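Colleague: Hi, got a few minutes to walk me through this one? I'd like to go from a single residue out to the sheets and helices.

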Amino acid sequence: MNQEKLGFFTLSFLLISSPALCRFVVEKNNLKVTSPDSIKGIYECAIGNFGVPQYGGTLVGTVAYPRSNQKACKSYNDFDISFKSKPGGLPTFVLIDRGDCFFTLKAWIAQQAGAAAILVADNKAEPLITMDTPEEDKSDADYLQNITIPSALITKSLGDSIKSALSGGDMVNMKLDWTESVPHPDERVEYELWTNSNDQCGKKCDTQIEFLKNFKGAAQILEKGGHTQFTPHYITWYCPEAFTLSKQCKSQCINHGRYCAPDPEQDFTKGYDGKDVVVQNLRQACVYRVMNETGKPWVWWDYVTDFAIRCPMKDKKYTKECADEIIKSLDIDLKKVDKCIGDPDADVENPVLKAEQESQIGKGSRGDVTILPTLVVNNRQYRGKLEKGAVLKAMCSGFEESTEPAICLTEDLNTNECLENNGGCWQDKAANITACRDTFRGRLCECPTVQGVKFSGDGYTHCKASGALHCGINNGGCWRETRGSYTYSACVDDHSNGCKCPLGFKGDGVKSCEDVDECKEKKVCQCPECKCKNTWGSYECSCKNGLLYMREHDTCIGSNKVGTTKLSWSFLWFLIIAVGVAGLSGYAAYKYRIRRYMDAEIRGIMAQYMPLESQPSPRGPHMDI
């Protein structure tokens with residue numbers, strides 16, 4: 001590497017890594033030691049930036065400190081050591097000393113030996129740091145993307161305490177807890193991805209492009225459903241004013257040194273320049289802005305994945321022409337995108353890139369962004385493997401419990417705790433109703449709402465239907481029985497929400513209602529001539545000697561009264577018929593008299609104009625000639 005190139009990268013490195021300018025936040029999770037009592041307590045540990053942290057969950061295990069290879073820089077097979085758990089045993093967390101090899105190599109070697117997680121004990125008293133992957137020029141090891149176990153860095157003092165307890169014959173059990181590693185305030189997750197259009201930066205670039213392709217579908221589902229708010233970002237640096245006219249700044253920067261990116265091939269004499277990367281980054285940012293204004297921000301995922309496939313640097317297609325073809329194919333307004341990009345050669349600020357530089361500075365709980373790629377979920381920097389499943393776990397842990405979208409409750413991301421013993425919640429097996437509600441973080445015991453009917457209770461031991469229509473759900477939890485064609489229920493379908501045995505029954509209305517024997521209790525059918533017979537839910541009463549029973553008066557009516565009643569009804573019907581006949585006769589007479597009168601009137605009128613056959617002619621008889 002020539003001195004000019006070395007000098008430029010040294011300056012860039014100083015700009016992005018100076019403690020005066022950068023604030024790096026160590027993302028942490030809790031570690032709870034449950035035994036022995038001498039070290040029992042809750043401690044902080046730093047999440048490693050590799051492997052798969054169990055965001056939103058916990059992991060319980062027992063700690064082992066190997067008798068040999070305590071820095072885990074060699075295979076444990078060479079020492080005949082295995083950390084695989086026996087059937088029914090707890091997972092093994094391997095305690096490893098810091099030093100001599102990369103953190104990632106330690107994790108990989110422990111994972112191959114059967115470890116469920118690694119705890120790296122610091123070798124000096126200092127604040128916790130983030131364990132990261134090796135630098136680009138040393139990251140050619142294939143194992144990096146195969147690390148799946150979580151890792152954590154613990155302080156030297158905690159490491160010494162664990163070692164002391166183990167040497168004394170104590171079993172050290174602990175729980176790694178990531179449930180609060182990502183804030184989860186509401187039903188929407190806000191996340192941002194700091195990425196790059198450069199595809200020639202080695203394995204990190206390959207991993208990033210692969211992640212974009214694999215995560216696109218899930219990202220678009222979440223965004224279209226309103227579950228997430230995604231924002232892409234791009235890191236740029238500025239060239240020191242003293243170097244803006246240098247060859248290096250001119251080839252790596254746009255807008256007169258304001259926005260720069262490293263040379264993709266790290267060689268100024270061939271291939272594409274850093275300024276080409278800045279322009280393509282700007283174009284991707286503008287695509288997002290234009291589509292976000294139209295209400296379709298998820299189209300960004302289509303554009304960046306298509307660009308990675310169709311316009312790679314190795315094929316010499318990393319150009320505006322190739323990018324424009326993709327923009328047109330996705331029906332994105334090219335004029336708006338070009339206007340957003342502006343003139344890269346002008347000595348002016350670009351508002352998009354200026355905003356990106358300002359966003360790089362950490363705010364609140366989020367540190368400065370200095371590493372590519374960087375994922376931020378609910379303002380917390382993600383730590384771990386950049387892989388679809390691992391990232392989805394982190395994002396799903398950012399939803400308020402019980403508001404997670406369906407994609408977070410799939411089998412590959414979540415264990416349905418309601419499937420085993422109903423999660424310890426209330427359930428009505430007969431009605432197939434349960435208070436157990438599966439969530440990404442575990443389960444909730446909440447009385448449900450079924451068919452518009454709200455159940456109330458603690459969700460653990462009891463839930464009861466309440467409100468109108470509650471009798472339609474398992475009869476409101478009240479007694480009900482059917483015999484033959486008769487069905488009786490103790491549920492009162494109103495807002496009283498009570499169970500009351502119906503008329504003819506007695507009991508608590510919940511577990512039982514017993515038939516009341518009205519005959520035995522002498523409540524009905526008590527007249528001297530009455531004969532009582534009890535039935536289920538009612539009674540039958542009859543009279544002796546052919547008498548008629550009057551239920552409303554609880555009495556029997558004699559036969560003479562029955563005859564009198566029959567005679568009275570006969571007379572009444574006769575009277576009604578007689579009145580009807582008289583009315584019809586009168587109506588007929590009336591109609592006849594009216595007709596006679598009308599005929600007489602008509603004849604009188606016509607007689608004035610022409611003779612009628614019944615009248616003689618005034619001139620006497622005559623004959624026609």
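**One residue, two sheets and some helices**

Modeller: Sure, let's start with phenylalanine 103, which is found in helix α2. Keep in mind as we go that this is a predicted model.

Colleague: Is phenylalanine 103 buried or exposed?

Modeller: Phenylalanine 103 has a relative accessible area of 14%. Under 20% counts as buried, so phenylalanine 103 is buried.

Colleague: And which residues does phenylalanine 103 touch?

Modeller: Leaving out residues up to four places away in sequence, phenylalanine 103 touches Phe50, Arg98, Val120, Met131 and Asp132.

Colleague: How far apart are phenylalanine 103 and isoleucine 118 in space?

Modeller: From C-alpha to C-alpha they are 10.0 Å apart, and in sequence they are 15 residues apart.

Colleague: Okay, zooming out. What do the seven strands close into?

Modeller: They close into a barrel, and going round, the order is β1-β2-β6-β5-β4-β3-β7. The pairing in the barrel is mixed. On average, neighbouring strands of this sheet are turned by 40° against each other, if you ignore direction.

Colleague: So where does helix α2 fit in?

Modeller: Helix α2, residues 103–112, packs on that sheet and touches β4 (92–97) and β5 (117–121). The direction of α2 makes about 140° with that of β5.

Colleague: Let's go round the barrel, then. How do β1 and β2 pair?

Modeller: Strand β1 (residues 28–35) and strand β2 (residues 41–47) pair in the antiparallel sense, over six bridges. A hairpin of five residues joins β1 to β2. If you want to find the pairing on screen, look for lysine 28, whose bridge partner in β2 is alanine 46.

Colleague: What's the bridge partner of alanine 46 in β6?

Modeller: That's leucine 153. β2 and strand β6 (residues 151–154) run antiparallel and are joined by two bridges.

Colleague: And how many bridges join β3 to β7?

Modeller: Five bridges join strand β3 (residues 58–64) to strand β7 (residues 173–177), and these strands run antiparallel. Valine 60 is a handy marker there, standing opposite lysine 175 in β7.

Colleague: Nice. Changing topic: which strands form the open sheet?

Modeller: Four strands do, in the order β9-β8-β12-β13, again with mixed pairing. β9 and β13 (380–381) are at the edges with a single partner strand each, so one side of each has no neighbour in the sheet.

Colleague: Which way do β8 and β9 run, parallel or antiparallel?

Modeller: Strand β8 (residues 189–195) runs parallel to β9, and seven bridges join them. Tyrosine 191 stands opposite phenylalanine 230 in β9.

Colleague: And β8 with β12, parallel or antiparallel?

Modeller: Antiparallel, with four bridges between β8 and strand β12 (residues 374–377). Here you can look for glutamate 192, which stands opposite valine 376 in β12.

Colleague: Back to β9 for a sec. How many of its residues are buried?

Modeller: Five of the seven residues in strand β9 (residues 228–234) are buried, which leaves the strand mostly covered.

Colleague: Which helices lie across β8 and β9?

Modeller: Helix α10 (residues 351–359) lies across β8 and β9, running at about 100° to β9. Helix α11 lies across β8, β9 and β12, at about 25° to β12.

Colleague: What angle does α11 make with α4?

Modeller: Helix α4 (residues 203–224) and helix α11 (residues 388–396) pack at about 35°, and their axes are 10 Å apart. The crossing is right-handed. On the α4 side, the contact is made by Phe211, Asn214, Phe215, Ala218 and Leu222, and on the α11 side by Lys388, Val391, Leu392 and Met395.

Colleague: How does that contact split by class?

Modeller: The contact of α4 with α11 has seven nonpolar residues, one polar and one charged.

Colleague: Last one: at what angle do α7 and α8 cross?

Modeller: Helix α7 (residues 299–310) and helix α8 (residues 320–329) cross at roughly 140°, and their axes come within 10 Å. That makes α7 oblique to α8. Their crossing is right-handed. The residues making the contact include Tyr303 and Phe307 of α7 and Ile326 and Ile327 of α8.

Colleague: And the classes there?

Modeller: The contact of α7 with α8 divides into six nonpolar, one polar and three charged residues.

Technical notes:
Residues numbered from 1 in each chain as written. Predicted model: local features only at pLDDT ≥ 70, side-chain atom pairs only at ≥ 80, totals over all residues. Heavy atoms only, no water. Axes fitted to C-alpha atoms, helices over the stretch in contact; angles between N-to-C directions. Parallel < 35°, antiparallel > 145°, perpendicular 65-115°, else oblique. Left-handed = near helix turned anticlockwise from the far one by under 90°. Contact = heavy atoms within 4.5 Å. Nonpolar A, V, L, I, M, F, W, Y, C, P; charged D, E, K, R; others polar. Pairing = 2+ DSSP bridges. Buried < 20%, exposed > 50% of the residue type's maximum accessible area, 1.4 Å probe, protein only.
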